Protein chains: 2
Amino acid sequence: MPDNQDREPIVIPKPTLDRLKLYHRLLNEVEQKHISSEEIAQRIGTNAEQVRKDLTFLKTMGKPKVGYDVETLRQELEELFGVKKTTKVILVGAGHLGNALVNYPGFENYGIEIVAVFDKDPKKIGSFIGELSVLPMQDIGRVVKRFHVEIGIICVPKESAQEVAEILVSKGIKGIWNFAPTRLIVPNDVFVVDEDMTQSLLTLKHYLEIKKKKIQESHQNAEKS
Amino acid sequence: MPDNQDREPIVIPKPTLDRLKLYHRLLNEVEQKHISSEEIAQRIGTNAEQVRKDLTFLKTMGKPKVGYDVETLRQELEELFGVKKTTKVILVGAGHLGNALVNYPGFENYGIEIVAVFDKDPKKIGSFIGELSVLPMQDIGRVVKRFHVEIGIICVPKESAQEVAEILVSKGIKGIWNFAPTRLIVPNDVFVVDEDMTQSLLTLKHYLEIKKKKIQESHQNAEKS
DNA sequence: AGATAATTGTGAAATAAATAACGATAAAAA
DNA sequence: TTTTTATCGTTATTTATTTCACAATTATCT
Ligand SMILES: NC(=O)c1ccc[n+]([C@@H]2O[C@H](COP(=O)([O-])OP(=O)(O)OC[C@H]3O[C@@H](n4cnc5c(N)ncnc54)[C@H](O)[C@@H]3O)[C@@H](O)[C@H]2O)c1
Ligand SMILES: NC(=O)c1ccc[n+]([C@@H]2O[C@H](COP(=O)([O-])OP(=O)(O)OC[C@H]3O[C@@H](n4cnc5c(N)ncnc54)[C@H](O)[C@@H]3O)[C@@H](O)[C@H]2O)c1
């Protein structure tokens, strides 16, 4: 059995990956043929060195005096994120948020197709959200098999989220997009991305707190002098 | 003019702040009187050293052999994030997502009160979302003044987001919670928190890509041997 | 009361990430 | 052509964050 460990895993650092996503978004909006690290930096709010460093994780190279070819870079990022491959997804929880998500056309551009919506509430089952009729929970297994579903979106109250996660895992789902404000416990090979909006709310509140403190302080300083 | 620069800013590092938010969420769910760094770590998915290090940015101290007093710690975090102070908020964009947000009762626990909803679509103006009737854009100034609104939520399509941000800023808003997938350009003293769901979608897609690569690789390795 | 065990707080070491520095290169100007 | 200029890729340096290690402290056990 020969060299098995020299296969470098070329893992992209998390902060870099987050910025690469922003570059990707930017390149989709840009008209020009070339773009410099400086311009990318300006438009996403970082510095050119950072951009160049980040792009070393990619194959695409820039040209001195010209910059990066927008289309080439865009395509490499698309591949990195696999947005061209359509991934089938189911959503559990046909409530307010589930409704918004199912009706959102923007996910298509990212290769996400919601193929079914599930809920446990008998009153919701059979009703329509967009084109999709809400299905009962016991249909999950069938749909997952039939459509080779890879991802599940959890849009149920936090109290039910773990329970739903376990159902999804038991039916073979390997990626979960979790909107419930709770940490899901899942097997190692299942990947969870949390979208906890209340967490970013705390960022906003914290900022207001700091600001208030600063104002107080400057008042006190004014008094002292 | 005396020492003005020795006032240490005691800035909490961003990664720490992000974890503190998770600790806060956890402490709200916990029943027991005390909790150890080890238990916090387990339940949010990090290690005990990290937890203890993070908590050095707070005043609350633990007791050897006992852990941290849940209530004390919870309250200090509440204060750090100002969740006890109610902040008045307006929302612009009475669409699918706006609807979900206005109907979400969970924000109350974080001291956020949505006091008005605005839209530019004449067909939506006057209709109700929950208790709130949708108001025309020209009323923003009045409402902001009257209720001392500090934060604006942007729930309009990305094409309109910058325009709306500028209106909000011009009316005195100092914090923006932006759901549109675009970077807003605002004055320095205005704080923007982006909630770009399509970005976390990319995390999920990227994970699937990596996974697929790994599977391919292991197949190739199997062939070779 | 003294020994033992659990758990903290923190400084030191290791790792990761960001920034700076700069030689190399391609295009544009002279 | 040669020179100048903009911009890149990469290595070195600095800064930030995490992990490690361990003395100090408090509760529990004998
Ligand atoms: N609405 C928002 O703006 C918002 C904001 C932040 C976070 N969230 C989170 O998103 C999640 C959904 O929020 P929402 O406002 O859509 O809630 P909702 O109450 O409107 O909808 C929840 C839906 O889940 C279904 N459900 C409950 N338990 C279930 C189970 N065990 N199996 C299957 N279906 C089940 C309910 O029947 C209901 O249709 C919640 O966890 C919430 O905390 C929502
Ligand atoms: N719905 C989702 O699940 C979802 C998911 C990810 C991101 N988003 C983002 O959130 C934002 C809102 O999405 P949505 O699905 O609610 O869209 P939507 O089309 O349902 O609603 C948008 C609302 O904004 C109003 N509007 C448009 N331009 C305006 C302006 N200049 N001033 C005031 N109001 C204006 C429209 O009249 C409409 O009521 C978008 O930027 C979208 O990309 C939504």
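Which residue of chain B forms a salt bridge with A:Glu209? Keep that in mind as you go round this predicted model; the answer comes at the second stop.

**Stop one: DNA strand D**

Select DNA strand D and the protein around it. You should find 25 residues surrounding the strand, and the closest are A:Ser37, A:Gly62, A:Tyr68, B:Arg19 and B:Pro64. By class, this surface has eight nonpolar, seven polar and ten charged residues. On the DNA side, 69% of the atoms within 4 Å of the protein belong to sugar or phosphate, and the rest to bases.

Now zoom in on single contacts. Show the side chain of A:Tyr68: one of its N or O atoms is 2.6 Å from a phosphate oxygen of strand D. Move on to B:Asn47, where a side-chain N or O atom is 3.0 Å from a phosphate oxygen of the strand. At A:Lys65, switch to the backbone, which places an N or O atom 3.0 Å from a sugar or linking oxygen.

Next, colour the helices. α3 (48-55) of chain A, and α1 (14-27) and α3 (48-55) of chain B, each supply at least two residues of the surface near strand D. α3(B) gives the most, with four residues.

**Stop two: chain B against chain A**

Select both chains. Here 65 residues of chain B are in contact with 65 residues of chain A, and the two chains bury about 6,000 Å² between them, 61% of it on carbon and sulfur atoms.

There are four salt bridges between the chains. Select A:Glu209 and you have your answer: its partner is B:Lys85, with the closest N and O atoms 3.2 Å apart. Finish on α8(B), which gives the most to the side of chain B that touches chain A, with 17 residues.

Definitions and conventions. Residues are numbered from 1 along each chain as its sequence is written. Chains are lettered from A and ligands numbered from 1 in the order in which they are written. This is a predicted model: local features need pLDDT of at least 70, side-chain atom pairs count only at pLDDT 80 or more; totals for chains, interfaces and linings use all residues. Side-chain values use heavy atoms; hydrogens and water are left out. A residue is near a molecule or strand if one of its heavy atoms lies within 4 Å of it. A polar contact is a pair of N or O atoms within 3.5 Å; within protein, one must be able to donate a hydrogen and the other to accept it, and residues adjacent in sequence count only if both atoms are side-chain atoms. Ala, Val, Leu, Ile, Met, Phe, Trp, Tyr, Cys and Pro count as nonpolar, Asp, Glu, Lys and Arg as charged, and the others, Gly among them, as polar. Contact means heavy atoms within 4.5 Å. Buried area is the accessible area (1.4 Å probe) that two parts lose on being put together, summed over both. A salt bridge is a side-chain nitrogen of Lys or Arg within 4 Å of a carboxyl oxygen of Asp or Glu.
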